[in-house]
Amino acid sequence: MRLLDTLQHKLDALSARHQRRRCPVLDTPQGPRVRIDGRDYLAFASNDYLGLANHPALIAAAGDAAVRWGVGGGASHLVAGHFGAHAELEQQLAAWLQLPAALLFSSGYQANLAVMTALLGRGDAVFADRLNHASLNDACLLSRADFKRFAHHDLAQLARLLAASTAPTKLIAVDAVYSMDGDCAPLAALLALAEQFDAWLYVDDAHGFGVLGDGRGSLAEAGLRSDRLIYMATLGKAAGVAGAAVAGHATLIDWLINCARPFIFTTSTSPLLAAVLSTSLTLIAGEPQRRQALQARIAQLKHGLAGLRWPLLASETPIQPLQVGSNADTLALSAALRERGIWVPAIRPPTVPAGSARLRIALSAAHQEADVAELVTALRELAHTLPAA
Ligand SMILES: *Cc1c(COP(=O)(O)O)cnc(C)c1O
């Protein structure tokens, strides 16, 4: 069939460019030690920063929640799919974040799409950092607002773009922690610009929630409060489960409930997962030692890799990218680690800018000191044995 042939040609072209991808299959729960495609690995590849994805308390909560709530939501939130488990989690999240109200979504991708399309339309303007996550870029495009991108952290360019805009609604959208770089947005300066130009400030904290600000996330870390702040946390990363929450002023949340189509026209998140997330939040709040262990692993890795042929990017978060440069070298290094039983994903363009291919080392509180030591030793040896480009 011609339609399928066209797809096959395009897939072949991806293969020829070494860009064809498939999903490696895990045969164990998420954690530092995983079986992938039938082989055992020490892995630095998940966003399960606090080691909660396979935590016994969450597994027990899932069993209890299945008995209490069943498994499926069965309807959208506004129809008959909003359970006590959802309501309780939303209150718990708002209290933890010290924000007036919170709304639950099934994923961060959906939450980004919901907010951008509910707040923005034709004639409005959205101002986005160039390194924002793909889901945020898609959301901005689908809002049909004027999509203005500024160079990474370039506040002067952002100020010029804002000053030149006559859009009735302006929104600045940033990742709080950049997913492929691990660096943090200058949130205080961004909020000052939002105030100066009467714009919303949308903060996608997929990688900060649970980790920064004693677990309350990047706004707490920066000590910021404002009714023009819109906060988004994903719950499939440090929280170890799935889903996302948007938090902010009660009027904003009420508007999303009434007008955000990705919230309205979808089945509710499983109430089982909402109940498990309540337990996750209790652990995030009650076990700061997880964040301390994570900080110790971050410090250990940075110390261990200092002066290596490939530099770590400047990052204080569990995302510690090792900048290699060329695609071929990055793939070779990732493959050499895999041969030693260590799984670290190679990140290449178009996910990152051309010439900046890297290994994305992701650390977790579940990693032991010996795990990080094993990675450091392997990378130090490979720095001597792998040929230079
Ligand atoms: C992972 C991620 C998302 C998407 O969240 P999901 O819950 O995985 O859909 C959004 N923004 C950023 C910055 C992310 O890293």
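This note sets out points on the ligand site, the two sheets and some backbone details of a predicted model.

1. Composition of the ligand shell. The ligand is surrounded by 14 residues, and the closest of these are G108, Y109, D204, H207 and K237. Sorted by class, the shell holds nine polar, three charged and two nonpolar residues. Helix 5, which spans residues 108-119, supplies the largest share of the shell, namely three residues.

2. Polar contacts of the ligand. The side chain of K237 places an N or O atom 2.6 Å from an oxygen atom of the ligand. For Y109 the contact comes from the backbone: one of its N or O atoms lies 3.0 Å from a ligand oxygen atom. H133 offers a polar side-chain atom at 3.5 Å from a nitrogen atom of the ligand; that distance is at the limit of the cut-off, since a polar contact is a pair of N or O atoms within 3.5 Å.

3. Cover of the ligand. On its own the ligand has 370 Å² of accessible area, and the protein covers 83% of that area.

4. The seven-stranded sheet. Seven strands form an open sheet in the order 3-9-8-7-6-4-5, and the pairing is mixed. Its edges are strand 3 (residues 101-105) and strand 5 (residues 146-150), each of which pairs on one side only. From one strand to the next, the twist averages 20 degrees.

5. The edge at strand 3. Strand 3 pairs with strand 9 (residues 244-248) in the antiparallel sense, over five bridges. Within this pairing, A101 stands opposite G248 of strand 9.

6. Helix 8 on the sheet. Helix 8, residues 187-196, packs on the seven-stranded sheet and touches three of its strands: strand 6 (170-175), strand 7 (200-204) and strand 8 (229-234). The direction of helix 8 makes about 155 degrees with that of strand 7.

7. The three-stranded sheet. A further open sheet has three strands in the order 1-2-11, again with mixed pairing. Strand 1 (33-36) and strand 11 (342-343) are its edges; because each has a single partner strand, one side of each is left without a neighbour in the sheet. Strand 2 (residues 39-43) and strand 11 run parallel and are joined by two bridges. In this pair, L42 stands opposite I342 of strand 11.

8. The loop between strands 1 and 2. Which residue here has a positive phi although it is not a glycine? The residue is D37, with a phi of about 50 degrees. D37 sits in the loop that runs between strand 1 and strand 2, two members of the three-stranded sheet.

9. A cis peptide bond. P349 and P350 are joined by a cis peptide bond, with omega at about 10 degrees. P350 belongs to the loop between strand 12 (346-347) and strand 13 (357-362).

Technical notes: Residues numbered from 1 in each chain as written. Predicted model: local features only at pLDDT ≥ 70, side-chain atom pairs only at ≥ 80, totals over all residues. Heavy atoms only, no water. Near = heavy atom within 4 Å. Polar contact = N/O pair within 3.5 Å; in protein donor to acceptor, adjacent residues only side chain to side chain. Areas by Shrake-Rupley, 256 points an atom, 1.4 Å probe, with all protein chains shown as cover. Helix = DSSP H or I, 4+ residues; strand = E, 2+ residues; numbered from the N terminus. Nonpolar A, V, L, I, M, F, W, Y, C, P; charged D, E, K, R; others polar. Pairing = 2+ DSSP bridges. Axes fitted to C-alpha atoms, helices over the stretch in contact; angles between N-to-C directions. Contact = heavy atoms within 4.5 Å.
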